[in-house]
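Here are some notes to read alongside the model, for someone opening it for the first time. They go from a few single residues out to the whole chain.

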Amino acid sequence: MKGIRYITEGAALLALFVALLLFSLYIPVVGTIFQLALAVPFIVYTVRHGWKKAILFLVVGLLLTLLFGNVLTLPFTFVFGIGGLAIGMLYRQKQKRYTILLGGTVAFSLGLLLLFVGANVIFNVNLMEQINNALDQSINQSIEMMKSLGQDVKESQIDQMRDAFDMFKNLLPLLIVIGGANEKEY
């Protein structure tokens, strides 16, 4: 009977995960609230059944994401699954709250970093270069818009915009870590 219990709990929690994923994808405003809870099924399953079965749970979750979502939703499942597994294991080991916070932050940040590197390697897309191009294009559009409205564009203003965007480029790794810290659920 015990062998069947983890399968039925896994199926129920995967159904909950798929429902949360679909709500987060297709309901505009409320979807962001549901997105915050995507890691909860992974956390609960890992706490109850350990990391070995939780890895299988993550793999099945990825397959269900492909079945019910699309390829673009796989990163959501991957990042929330990795973070949920880490938080669940730390809960299972009865670690302190700050250890769980640190472990979840590291797991979510590593998940985001793996997605960043994976996009670079697999799709041959340099995300930093894409971000730089988008920011440069934004600066040029701002300058053109100011000129078309008849405003004088001073070099000091352009330099300030470029400095602000350069600071953003330098802070991007920190923003990834902060994003990892903000994706956890307890």
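1. One definition before anything else: a residue counts as exposed when its relative accessible area is over 50%, as buried when that area is under 20%, and as partly exposed in between. Keep in mind, too, that this is a predicted model. With that cut-off in hand, look at Lys94: its relative accessible area is 73%, so Lys94 is exposed.

2. Where does Lys94 sit? You'll find Lys94 in the loop between α4 (74–92) and α5 (97–122). Its backbone is worth a glance as well: the phi angle of Lys94 is near 55 degrees, which is a positive value in a residue other than glycine.

3. Now go back along the chain to Thr77, which belongs to helix α4. Is Thr77 buried or exposed? Its relative accessibility is 0%, so Thr77 counts as buried.

4. Which residues does Thr77 touch, once neighbours within four places in sequence are set aside? They are Phe17, Leu21, Phe42, Leu58, Gly61, Leu62 and Thr65. Two of the helices come up again below: α1 covers residues 2–26, and α3 covers residues 40–68.

5. On to the charged side chains. By the rule used here, there are two salt bridges. One of them joins Arg5 to Glu9, with 3.3 Å from N to O. Both partners are in helix α1, four residues apart, or about one turn of the helix.

6. The other pairing is Glu9 with Arg48, and here the closest N and O atoms are 3.3 Å apart. This pair ties together distant parts of the chain, since Glu9 is in helix α1 and Arg48 is in helix α3, 39 residues apart. Taken together, Arg5, Glu9 and Arg48 form a linked network of salt bridges.

7. How do the members of that network stand with respect to the surface? Glu9 has a relative accessible area of 14%, so Glu9 is buried. Arg5, at 51% relative accessibility, counts as exposed. Arg48 counts as exposed too, with 51% relative accessibility.

8. Stepping back, how many helices and strands does the chain have? The tally is seven helices and zero strands. Following the sequence, you read the pattern α-α-α-α-α-α-α.

9. What about overall dimensions? The C-alpha atoms fill a box of roughly 75 × 35 × 30 Å along the principal axes. The radius of gyration is 21 Å, whereas a compact globule of 186 residues would come out near 16 Å.

10. A word on packing and surface. Among the 186 residues, 31% count as buried. Of the contacts with a separation of 6 or more, 68% are between residues 24 or more positions apart. The chain exposes about 11800 Å², and carbon and sulfur atoms supply 67% of that area.

11. Last, the charges as a whole. The chain has 14 positive and 11 negative charges, and the mean positions of the two sets are 26 Å apart. If you want one place to start looking, try Glu9, the buried residue that is linked with Arg5 and Arg48 in the salt-bridge network.

Technical notes: Residues are numbered from 1 along each chain as its sequence is written. This is a predicted model: local features need pLDDT of at least 70, side-chain atom pairs count only at pLDDT 80 or more; totals for chains, interfaces and linings use all residues. Side-chain values use heavy atoms; hydrogens and water are left out. The radius of gyration is taken over C-alpha atoms; the globule rule is 2.2 Å times the number of residues to the power 0.38. Buried means under 20% relative accessible area, exposed over 50%, partly exposed in between (1.4 Å probe, protein chains only). Contact means heavy atoms within 4.5 Å. Accessible areas come from the Shrake-Rupley method with a 1.4 Å probe; for residues, only the protein chains shown count as cover. Lys and Arg count as positive and Asp and Glu as negative; His and the chain ends are not counted. The place of a charge is taken as NZ of Lys, CZ of Arg, CG of Asp or CD of Glu. A salt bridge is a side-chain nitrogen of Lys or Arg within 4 Å of a carboxyl oxygen of Asp or Glu.
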